[in-house]
Amino acid sequence: MKAEVELHLPPDVQYVGLARLVVTVAARKAGMADERVEDLKIAVSEATTNAILAHLRNDRPHPVVLSFGPTHENTFGVTIVDAGPGFDPPSPDAPDTRAWTDEGGLGVTLIRGLADDVEFVRGDGMRVNMHFAVGLSANGHDGEASP
């Protein structure tokens, strides 16, 4: 993904709304349908909150970094990077064997359900790469009336 915008946020939950607002404006400017923008807003809020909480829990003063913009694949990409210890996200293929009580919330599950493509990469921190189709509604149609 070639990001058009990079946003560095202090690790404070008061900035989650700012992140959501700025990414939403960029997605609308890129032509994303309103229904999909709602999905994007929830996914960005969840991933940004998780990143900020990782910093707060581990006393990391570094900024959380969001990179976002349209991609060459007619999608809108958002990458959120934190400097926390990272985690191994539960497999989406084995919901019956998951230890639901071990999770802090449903953020990973929501992000997987809302984004068209998502990747969780654990390195020196955690990187969440999300892609949302531009020009498609929530049900996968292009918004054109059926014949």
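## Working through a five-stranded sheet

Strand 4 (residues 117-122) and strand 5 run antiparallel and are joined by 6 bridges. Here helices (H or I, at least four residues) and strands (E, at least two) are DSSP runs, numbered from the N terminus, and two strands pair if DSSP finds at least two bridges between them.

This is a predicted model, in which local features need pLDDT of at least 70 and side-chain atom pairs count only at pLDDT 80 or more, while totals for chains, interfaces and linings use all residues. Residues are numbered from 1 along each chain as its sequence is written, and side-chain values use heavy atoms, with hydrogens and water left out.

**Exercise 1. Find the strand order of the sheet and its edge strands.**

Step 1. Begin at the hairpin, where 3 residues connect strand 4 to strand 5. Within this pair, F120 stands opposite V128, and R122 has M126 as its bridge partner.

Step 2. Now look at the other partner of strand 5. Strand 3 pairs with strand 5 in the antiparallel sense, over 8 bridges. One marker to look for is D82, whose bridge partner in strand 5 is M126.

Step 3. Put the strands together: the 5 strands make an open sheet with antiparallel pairing, in the order 1-2-3-5-4. Strand 1 and strand 4 are the edges, since each pairs on one side only. On average, neighbouring strands are turned by 15° against each other, direction ignored. (Axes are lines fitted to C-alpha atoms, for helices over the stretch in contact, and angles run from 0 to 180 degrees between N-to-C directions.)

**Exercise 2. Is strand 5 largely enclosed or open?**

Step 1. Set the scale: buried means under 20% relative accessible area, exposed over 50%, and partly exposed in between (1.4 Å probe, protein chains only).

Step 2. Apply it. Of the 8 residues of strand 5, 7 are buried, so the rest of the structure largely encloses this strand.

**Exercise 3. Place helix 1 and helix 3 on the strands.**

Step 1. Helix 1 lies across strand 1, strand 2 and strand 3, at about 15° to strand 2. Helix 3 packs on the sheet and touches strand 4 and strand 5, its direction making about 140° with that of strand 4.

Step 2. Zoom in on A26 of helix 1. Contact means heavy atoms within 4.5 Å; leaving out residues up to four places away in sequence, A26 touches F68 and F76. Its C-alpha atom is 6.8 Å from that of G69, 43 residues away along the chain.

**Exercise 4. Which elements build the largest nonpolar core?**

Step 1. A nonpolar core is a set of buried Ala, Val, Leu, Ile, Met, Phe, Trp, Tyr and Cys residues joined through side-chain atoms within 4.5 Å. The largest one has 30 residues, and V23, L40, L66, F76, V78, I80 and M130 have the most contacts inside it.

Step 2. Two or more residues each come from strand 1 (5-9), helix 1 (16-29), helix 2 (34-57), strand 2 (64-70), strand 3 (75-82), helix 3 (107-114) and strand 5 (126-133). Helix 2 gives the largest share, 7 residues.

Step 3. Check V23: beyond its neighbours within four places in sequence, its contacts are L40, V44, L66, F68, F76 and V78.

**Exercise 5. Where does A54 lie, and which residues does it touch?**

Step 1. A54 belongs to helix 2 and is buried, at 14% relative accessible area.

Step 2. Not counting residues up to four places away in sequence, A54 touches D82, G84 and P85. The C-alpha atoms of A54 and D82 are separated by 7.5 Å.
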